[in-house]
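This report describes the arrangement of strands and helices in one protein chain, and then the contacts between side chains. The sequence and the structure come first.

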Amino acid sequence: MIYNLSYTVIIIGTILLAGCSSVISQDEQRLDFVVTPEPDGQPDFLTINISSDEQIGYPAQSGISALDNTGYPAPVSEYSKNGRSQTAIQSYNLVHPVALEQFHADAYLATISPSHIMLTNLGNPPVLPGWFFKFRKPNSKREFIIHVVDNVITGTTLTESAMDIGYTEQPIDMSQIVLDSPDIFEQFQQVGSERDIWSEALAYDLELVYLDGMSNPVWSIIDPITQEWLFSVDAVTGEEVDNPY
């Protein structure tokens with residue numbers, strides 16, 4: 001099954017990341033994706049105060065200094081290979097206060113979205129995959145997207161879906177989540193090796209969702225290249241489950 005994230009959004013706030021948000025099944029209708037930039041310019045993908053020697057971008061060749069322009073295309077940085085030196089839960093603890101302050105006092109986590117799918121819909125900007133968190137607030141279609149690279153929030157955006165996505169995302173209580181991202185990757189490595197679907201060369205994506213009808217939130221492994229679902233487990237019990245969609 002291939003995930004499809006394209007749907008119309010209305011940008012309603014200051015854009016740092018022009019984002020999309022939800023994952024829909026292959027059987028559902030494909031919708032257009034529209035990004036509306038700020039009137040005074042294009043979205044800014046890195047607004048935090050980082051020196052020129054530390055800009056987040058595509059990695060340069062190992063060992064090349066920022067003064068040597070032979071590296072492509074960004075200087076060596078102190079960031080991890082995929083922007084996930086912090087686990088998903090650790091990163092959630094970083095972004096949750098921001099969502100409460102900048103979005104809504106009753107904001108709740110709706111999903112942790114697959115990073116490469118999100119980046120594809122953003123036109124593959126020069127940022128590391130990191131983690132994408134989508135927050136909602138009660139009785140509203142508005143979504144607050146936060147992108148984290150290692151221990152840095154690189155940007156946020158407000159979006160609103162123009163159409164019903166076809167399923168209901170329940171609030172995720174992260175205090176009830178037993179398994180963190182390293183646990184899921186380790187479990188998938190073992191199972192995926194047995195089923196010949198795991199590759200050491202790929203930095204797999206994770207999704208966390210709690211859809212209507214589920215007993216618990218579910219972690220899923222997504223292929224970063226094909227954007228296909230590969231493996232899912234109950235985030236509380238650790239038991240393997242079916243594709244949540």
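E1 and E2 are antiparallel partners joined over five bridges. Thr111 has Lys134 in E2 as its bridge partner. This is a predicted model, and the description below rests on its coordinates.

The pair belongs to an open sheet of seven strands, ordered E4-E3-E2-E1-E5-E6-E7, with antiparallel pairing. Strand E4 (152-160) and E7 stand at the edges with a single partner strand each, so one side of each has no neighbour in the sheet. From one strand to the next the twist averages 25°.

Two helices are placed against these strands. H1 lies across E1, E2, E3, E4 and E6, and runs at about 40° to E2. H3 packs on the sheet as well, where it touches E2, E5, E6 and E7; its direction makes about 125° with that of E7.

**Strand E6 and its partners**

E6 pairs with strand E5 (residues 205-209) in the antiparallel sense over five bridges. Within this pairing, Asp205 has Ile222 in E6 as its bridge partner. E6 also pairs with strand E7 (residues 229-234), again in the antiparallel sense and over five bridges. Here Ile221 stands opposite Phe231 in E7. E6 and E7 form a hairpin with six residues between them, and Gln227 in the turn has a positive phi of about 60°.

How many of the five residues of strand E6 are buried? Five of the five are, so strand E6 (residues 218-222) is largely enclosed by the rest of the structure. Val218, Ser220 and Ile222 point one way from E6, while Trp219 and Ile221 point the other way; all are buried.

**The nonpolar core**

The largest nonpolar core has 33 residues, and those with the most contacts inside it are Ile112, Phe133, Phe135, Met174 and Trp219. Two or more residues each come from helix H1 (88-102), strand E1 (108-113), strand E2 (131-136), strand E3 (142-149), helix H3 (181-194), E5, E6 and E7. H1 gives the most to this core, with six residues.

What is Ile112 in contact with, leaving aside its neighbours within four places in sequence? Its contacts are Ala88, Trp131, Phe132, Phe133, Met174, Leu206, Glu207, Leu208 and Trp219.

**Charged pairs**

Side chains of opposite charge can pair when their charged atoms come close. The count of salt bridges comes to seven. Three of them are listed here.

| Salt bridge | Closest N and O atoms |
|---|---|
| Lys134 and Glu143 | 3.8 Å |
| Glu169 and Arg136 | 3.2 Å |
| Arg195 and Glu240 | 2.8 Å |

Arg195 lies in the loop between H3 and E5 and Glu240 in the segment after E7, so their salt bridge ties together parts that are 45 residues apart in sequence. Arg195 is partly exposed, with a relative accessible area of 44%, and Glu240 is partly exposed at 41%. Salt bridges that share partners join Lys134, Arg136, Glu143 and Glu169 into one network. In this network, Lys134 and Glu143 are both buried, as are Glu169 and Arg136. The salt bridge of Glu169 and Arg136 links distant parts of the chain: Glu169 is in the loop between E4 and H3, Arg136 is in strand E2, and they are 33 residues apart.

**Aromatic pairs**

A pair of aromatic rings is described by the distance of the centres and the angle of the planes. The count here comes to six aromatic pairs. The rings of Phe188 and Tyr204 have centres 5.0 Å apart and planes at 75°, so this pair is edge-to-face. Phe188 is in helix H3 and Tyr204 in the loop between H3 and E5, 16 residues apart. Both count as buried, Phe188 at 1% relative accessibility and Tyr204 at 4%.

Phe188 also pairs with Phe231; the ring centres are 5.8 Å apart and the planes stand at 40°, so the pair is tilted. Phe188 lies in helix H3 and Phe231 in strand E7, so the pair ties together parts that are 43 residues apart in sequence. Phe231 counts as buried, at 1% relative accessibility. Elsewhere, ring pairs link Tyr92, Phe133 and Phe135 into a cluster.

Note on methods
Residues are numbered from 1 along each chain as its sequence is written. This is a predicted model: local features need pLDDT of at least 70, side-chain atom pairs count only at pLDDT 80 or more; totals for chains, interfaces and linings use all residues. Side-chain values use heavy atoms; hydrogens and water are left out. Buried means under 20% relative accessible area, exposed over 50%, partly exposed in between (1.4 Å probe, protein chains only). Helices (H or I, at least four residues) and strands (E, at least two) are DSSP runs, numbered from the N terminus. Two strands pair if DSSP finds at least two bridges between them. A nonpolar core is a set of buried Ala, Val, Leu, Ile, Met, Phe, Trp, Tyr and Cys residues joined through side-chain atoms within 4.5 Å. Contact means heavy atoms within 4.5 Å. Axes are lines fitted to C-alpha atoms, for helices over the stretch in contact, and angles run from 0 to 180 degrees between N-to-C directions. A salt bridge is a side-chain nitrogen of Lys or Arg within 4 Å of a carboxyl oxygen of Asp or Glu. Rings of Phe, Tyr and Trp (its six-membered ring) pair if their centres lie within 6.5 Å; planes under 30 degrees apart count as stacked, over 60 as edge-to-face and the rest as tilted.
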